[in-house]
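Let's take a walk through a protein together, one piece at a time. Have the sequence and the 3D view ready, and follow along.

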Amino acid sequence: MPTSRADAVTADERSPLRGRRDLFDLPDGVVYLDGNSLGALPRSVPDRVRRVVAQEWGVGLISSWNSAGWVDLARRVGDRIAPLVGAAPGDVHVGDSTSVTLFKTLVAACRLRPDRRVLVVEPTTFPTDAYVASGVARLLGLELRWCDPADPAAVLDEDVAVLSLTHVDFRTGAMYDLAGLTAAAHGVGALVQWDLCHSTGAVPVDLTAADADAAVGCTYKYLNGGPGSPAFAWVHPRHHGAWDQPVTGWFGHAHPFEMDREFTPADGITRMASGTPPVLALSALDSALDAFDGVGMPALREASLSLSDLFLALVDERLGSAVEVVTPREHARRGSQVSLRHPDAYGVVQALVARGVVGDFRTPDVARFGFAPLYVTHTDVHDAVDHLAAVLGGEEHRRPEYAVRNAVT
Ligand SMILES: *Cc1c(COP(=O)(O)O)cnc(C)c1O
């Protein structure tokens, strides 16, 4: 693979996503490889949020629930996320945090298999997924069973109600076979819940083709919705009628404004709603999704793999055995990030940040580099590895100021 800086410039000029970066407001001199943790700011967002606050809220006041469309904003935003995950319009709900959404979907999924006593989780998953699963198991009196990350299907049997998996691992960037594992779970009569936090907007997902049961994903990573923007949930339409999520609030009622005493769930995915939607956050997310208009997932995937391929080639060429690549090299098993193991990974990441290259550290020894294909360029990748080689060559990661870790990096 051609790896000179001139080759990187040429690859950017030829990219089908050329020009998309201009839709984002990135500080000068920063190479941002942390969009898998917090997506960059789309330029359209500040004006939209200002308008929603000043006009819709400030002037329209209560009438904006109807006149500005606040009441069905969550549904409209869900319809824009749907094509990114292979969902039909009308089947994606947006509103709560990822953790809360995971809780609601897991309880509902387990309730679809009332005669089964086991909930399976993958032990290296993002901690909140396992914490929530353990809370759900306690609440419903289920057994929490850990699977082997290398072969999650091996522990499946006819006691398993639900298998909860994260499609792309947050630490290693390794990607599971979504369709294959879904089929394996269905083979023993279990359901699967997929966490798409590190997939949505960066790798193609087709929940319908995979015949998945339920999925959850966050919107502040590759979808650029802003810090704490609400998560989404998808449930296969075959489960809608029996879907019984535990937070039965008025926004999930069939007729919220009739103020009935009894709870009657709304049809379809709307029953995933609980309370008043976060209109400001949904407005920012709605505007952020404009950056995806007119781009298909295949083009995003091609760009993402081109960036991670270049990063891997340069790491091999420039760093050799100084770091260990923990992300699978096979395209079919790679998400949109590359993780490197180094005993001083924390110091390496801090020294890179000091040079304007923003990746992040995951305990105990992993440095992560995310390739958000809408705004990361091949030139960024080239420059990032230049800096990485300089940090390691100059032992900058050993500086005393990096000896104490900050809680949030
Ligand atoms: C980012 C991420 C989360 C975040 O959960 P929040 O409730 O939004 O804080 C959860 N799970 C996975 C797999 C993630 O990558």
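At 38% relative accessibility, Asp72 counts as partly exposed, because anything between the buried limit of 20% and the exposed limit of 50% gets that label. Keep in mind as you look around that this is a predicted model. Asp72 has a salt-bridge partner in Arg76, and their closest N and O atoms sit 3.3 Å apart. Arg76 is partly exposed too, with a relative accessible area of 35%.

Now look for another salt bridge, the one between Asp213 and Arg238, where the closest N and O atoms are 2.9 Å apart. This pair ties together distant parts of the chain: Asp213 is in the loop between helix H8 (207-210) and S7, while Arg238 belongs to helix H9 (residues 237-240), and the two are 25 residues apart. Is Asp213 buried or exposed? With just 3% relative accessibility, Asp213 counts as buried. Arg238, on the other hand, comes out at 40% and counts as partly exposed.

Some salt bridges share partners, and that is how Arg48, Arg80, Asp286, Asp290 and Asp293 get joined into one network. How many salt bridges are there altogether? The count comes to 25. One of them connects Arg43 to Asp25, with 3.7 Å between the closest N and O atoms. Here again distant parts of the chain are linked: Arg43 is in the loop between strand S1 (31-32) and H2, Asp25 is in the loop between helix H1 (5-14) and S1, and 18 residues separate them. Arg43, at 48% relative accessibility, is partly exposed, and so is Asp25, at 40%.

Let's go back to Asp213 for a moment, and to a residue that touches it. His236 lies in the loop between S8 and H9. If you skip its neighbours within four places in sequence, His236 is in contact with Asp211, Ala212 and Asp213. His236 has a relative accessible area of 15%, so it falls under the 20% limit and counts as buried.

Time for the sheet. Seven strands make up an open sheet, and if you step across it you meet them in the order S2-S8-S7-S6-S5-S3-S4, with mixed pairing. Which strands stand at the edges? They are strand S2 (92-94) and strand S4 (143-146); each has a single partner strand, so one side of each is left without a neighbour in the sheet. As you go from one strand to the next, the twist averages 20°.

What actually holds strands side by side? Strands of a sheet pair through backbone hydrogen bonds, either parallel or antiparallel. You can see the parallel kind here between strand S3 (residues 118-121) and S5, which pair over four bridges. To find one of these spots, start at Leu119: its bridge partner in S5 is Val162. Val162 also has a bridge partner on S6, namely Leu191. S5 and S6 run parallel and are joined by five bridges. Carry on across the sheet and strand S6 (residues 191-195) pairs with strand S7 (residues 214-217), again in the parallel sense, over three bridges. Trp194 is a handy landmark for that pairing, with Ala215 as its bridge partner in S7.

So how many residues of strand S5 are buried? Seven of the seven residues in strand S5 (residues 160-166) are, so this strand is largely enclosed by the rest of the structure.

Next, find helix H4 (residues 73-85), which lies across S2 and strand S8 (232-235) and runs at about 125° to S2. Arg75 is one of the residues in helix H4, and it is partly exposed, with a relative accessible area of 36%. Leaving aside its neighbours within four places in sequence, Arg75 is in contact with Gly90 and Thr270. Compare the positions of Arg75 and Gly95: they are 20 residues apart in sequence, and their C-alpha atoms are 9.6 Å apart in space.

Let's finish on the surface. Which residues make the nonpolar patch? Val53, Trp57, Leu61, Ile62 and Leu280 do, and together they give a patch of about 510 Å². To get your bearings, look for Leu61 in the loop between helix H2 (45-57) and helix H3 (64-67).

Definitions and conventions:
Residues numbered from 1 in each chain as written. Predicted model: local features only at pLDDT ≥ 70, side-chain atom pairs only at ≥ 80, totals over all residues. Heavy atoms only, no water. Patch = residues over 30% accessible without salt bridge, like charges linked within 9 Å, V, L, I, M, F, W, Y side chains within 5 Å. Areas by Shrake-Rupley, 256 points an atom, 1.4 Å probe, with all protein chains shown as cover. Salt bridge = Lys/Arg side-chain N within 4 Å of Asp/Glu carboxyl O. Pairing = 2+ DSSP bridges. Axes fitted to C-alpha atoms, helices over the stretch in contact; angles between N-to-C directions. Contact = heavy atoms within 4.5 Å. Buried < 20%, exposed > 50% of the residue type's maximum accessible area, 1.4 Å probe, protein only.
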